[in-house]
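Grab a pencil and work through a few short exercises. Each one sets a task and then walks you through a solution.

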Amino acid sequence: MTPRYNFAFLDEDTKRMLRRALLKAVAIPGYQVPFGSREMPLPYGWGTGGIQVTAALLGPDDVLKVIDQGADDTTNAVNIRRFFSRVAGIATTERTADATLIQTRHRIPETSLREDQILVFQVPEPEPLRTLEPREAETRTLHALADYGLMHVKLYEDIAQYGRIATSYDYPVLVDGRFLTSPSPIPKFDNPKLDRSPALMLFGAGREKRLYAIPPYTRVESLAFDDHPFELQSWEHHCALCGSNDSYLDEVVVDDSGTRMFVCSDTDYCSGHRPEARA
Amino acid sequence: MSALLQVRDLSLHYGPRVGCEDVSFDLHPGELLCIVGESGSGKSTLLNAVAAQLTPTAGSVRYRQRDGEWLELGALSEADRRRLAREEWGFVTQNPRDGLRLNVSAGANVAERLMALGMRHYSQLRATARHWLERVEIDPTRIDDAPTSFSGGMQQRLQIARTLVTQPRLVFMDEPTAGLDVSVQARILDLLRRLVNELGLAAVMVTHDLAVARLLAARTIVMQGGRVVETGLTDQILDDPQHPYTQLLVSSVLTT
């Protein structure tokens with residue numbers, strides 16, 4: 001642990017401010033709570049929101065896992081994990097089951113989460129209506145009045161153009177039947193995992209200075225039309241490494257002649273399902 | 001028959017400047033009322049104050065809802081005001097680009113108000129949108145085209161379809177035919193007259209064009225400097241104007 005920093009980098013007053021905002025976020029599921037986002041030692045878009053939430057929650061006994069697009073070994077994940085082991089001296093892990101706190105970018109682990117775990121999402125754009133309504137004052141009013149017809153305009157456009165709802169990530173959800181919420185850019189494959197999850201889900205947007213939460217066992221509903229219901233992605237392939245057919249697969253180009261393979265996006269889940277691990 | 005809208009002693013001041021002053025009128029179901037006057041006479045101010053888009057300085061506007069209950073618009077909450085605007089009213093702006101959502105297709109523009117009312121069946125939304133495009137004489141095969149690819153007249157007709165699709169009881173129109181050439185104007189006026197009759201709409205329309213008033217409105221209000229100078233049956237006002245300003249307006253049309 002580097003002694004020049006306070007535990008988990010942020011000073012105690014800042015962590016207190018963050019915790020108060022988080023308490024409010026948990027009390028009003030899906031509501032975007034403004035907070036005083038700090039300058040962090042990494043650029044906006046690299047997870048400044050998530051990293052501040054993690055910093056506010058970490059205790060000395062926590063075990064941290066960081067996921068970037070499902071993988072534990074990519075730049076963003078490695079950097080953030082090393083950052084917290086340096087400034088907080090906490091234990092880190094790549095195993096979902098061993099972690100008490102999981103910071104994630106763009107995925108929810110395939111392994112089911114438990115009540116004693118917290119999932120922290122990095123969010124680039126917390127406002128699901130933003131592409132349709134650029135004015136912040138107006139989107140806040142729409143949230144206050146639960147006036148969400150506009151979101152269906154986007155889904156309508158999808159069907160009109162592509163014959164189906166083509167939105168495949170950052171798929172809008174309604175939290176606890178009240179607040180329209182962005183699930184962060186997770187694939188819509190992960191949306192059902194939000195619904196009534198035993199783990200607490202927290203979302204931090206550093207640049208936009210907003211926090212929101214989906215408390216445990218909260219109803220989360222993906223928007224759809226009556227005659228175009230919400231559908232999950234599916235693959236004709238199995239994972240080339242572990243043979244799984246129920247996880248989210250990445251398509252990887254492996255050489256210059258266009259050979260492809262499909263592998264699990266969740267590296268921890270994949271390594272746990274390989275034949276040698278099962279034996 | 002009981003009125004739909006009652007405006008009493010309505011005034012709206014912009015600081016020391018007068019927007020409109022002491023305006024009173026009633027609007028009955030199925031009636032189209034025109035507000036005419038020169039530029040700067042307070043027509044649009046009056047329209048926006050009546051439609052609860054601007055807050056009046058003094059006076060009252062009362063509206064009778066579908067269920068027969070009278071609402072005092074000045075005392076309405078933001079939520080109720082939006083509900084009225086969504087469920088019972090429509091607003092057609094002078095520039096269709098202000099009233100349309102330009103980054104989504106024509107079909108989505110027409111269907112938006114239906115979705116705001118909670119309609120969640122794609123095929124029905126689409127069928128309704130197509131039907132309304134036909135009703136305002138837009139080729140239904142252009143349902144997936146962007147409104148930016150439409151001509152000015154088509155955009156205005158699209159805005160009318162988008163406004164009328166929820167079958168509002170009361171429509172506010174702010175110079176819907178200004179800025180269009182004469183033949184397009186004529187088609188839109190013809191369309192409006194037909195739709196207003198078919199749907200039994202009540203409407204308040206602002207215009208500086210007396211010919212529009214003559215064609216559409218049973219009653220007309222003439223404004224000058226924020227005040228109503230003459231009000232009555234349109235034909236009466238245009239054929240036998242009493243106030244010097246109205247006489248001037250009417251004569252200026254005849255001489256050109």
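**Exercise 1.** Work out whether R162(B) and E112(B) are buried or exposed, and find what joins their side chains.

*Solution.* Start with accessibility: R162(B) is buried, and E112(B) is buried too. Keep in mind that this is a predicted model. Next, look at the side chains, which meet in a salt bridge with N and O 3.1 Å apart. Now place the two partners: R162(B) sits in helix α6 (residues 152-164) of chain B and E112(B) in helix α4 (residues 106-116) of chain B, so the pair ties together parts that are 50 residues apart in sequence.

**Exercise 2.** Take the salt bridges E110(A)–R107(A) and R135(A)–E133(A), and sort their residues into buried and exposed.

*Solution.* Begin with E110(A) and R107(A), whose side chains come to 2.7 Å, N to O. Both of these residues are buried. Then turn to R135(A) and E133(A), with 2.9 Å from N to O. R135(A) has 52% relative accessibility, and exposed means over 50%, so R135(A) counts as exposed. E133(A) has a relative accessible area of 6%; the limit for buried is under 20%, so E133(A) is buried. For the wider picture, the structure holds 39 salt bridges over all chains. Some link up into a network, as R135(B), E137(B), R187(B), R194(B) and E198(B) do.

**Exercise 3.** Find the largest nonpolar core and say which helix gives the most to it.

*Solution.* First, a bit of background: in soluble globular proteins, nonpolar side chains tend to be buried together. Here the largest core has 69 residues, and those with the most contacts inside it include Y156(A), F225(A), L158(B) and M205(B). The top contributor is helix α5 (residues 149-162) of chain A, with seven residues. Now zoom in on M205(B): beyond residues up to four places away in sequence, M205(B) touches L32(B), C34(B), M173(B) and L216(B), among others. There's also a second, separate core of 31 residues, with L5(B), L12(B), L84(B) and M223(B) among them.

**Exercise 4.** Describe how chain A and chain B meet.

*Solution.* Count the residues: chain A brings 20 to the contact and chain B brings 22. Then take the area: about 1800 Å² is buried between the chains, and carbon and sulfur atoms give 59% of it. On chain A's part, V153(A), Y156(A) and D227(A) supply 31% of the area buried against chain B, more than any other three residues. Next come the charged and polar links: the two chains share two salt bridges and 11 residue pairs in polar contact. One of the salt bridges joins E138(A) and R82(B), whose closest N and O atoms are 3.1 Å apart. On the side of chain A that touches chain B, α4 (136-144) and α5 each supply at least two residues, and α5(A) has the largest share, eight residues. By class, that side has 10 nonpolar, five polar and five charged residues.

**Exercise 5.** Locate S41(B) and list what surrounds it.

*Solution.* Find the loop between β3 (32-37) and α1 (43-50) of chain B; S41(B) is there. At a relative accessible area of 1%, S41(B) is buried. Now follow the S41(B) side chain: one of its polar atoms lies 2.7 Å from the backbone oxygen of E38(B). Finally, leaving aside neighbours within four places in sequence, S41(B) is in contact with G19(B), M223(B), Q224(B), G225(B) and G226(B).

Conventions: Residues numbered from 1 in each chain as written. Chains lettered and ligands numbered in written order. Predicted model: local features only at pLDDT ≥ 70, side-chain atom pairs only at ≥ 80, totals over all residues. Heavy atoms only, no water. Salt bridge = Lys/Arg side-chain N within 4 Å of Asp/Glu carboxyl O. Buried < 20%, exposed > 50% of the residue type's maximum accessible area, 1.4 Å probe, protein only. Helix = DSSP H or I, 4+ residues; strand = E, 2+ residues; numbered from the N terminus. Core = buried A, V, L, I, M, F, W, Y, C linked by side-chain atoms within 4.5 Å. Contact = heavy atoms within 4.5 Å. Buried area = accessible area lost by both parts, 1.4 Å probe. Polar contact = N/O pair within 3.5 Å; in protein donor to acceptor, adjacent residues only side chain to side chain. Nonpolar A, V, L, I, M, F, W, Y, C, P; charged D, E, K, R; others polar.
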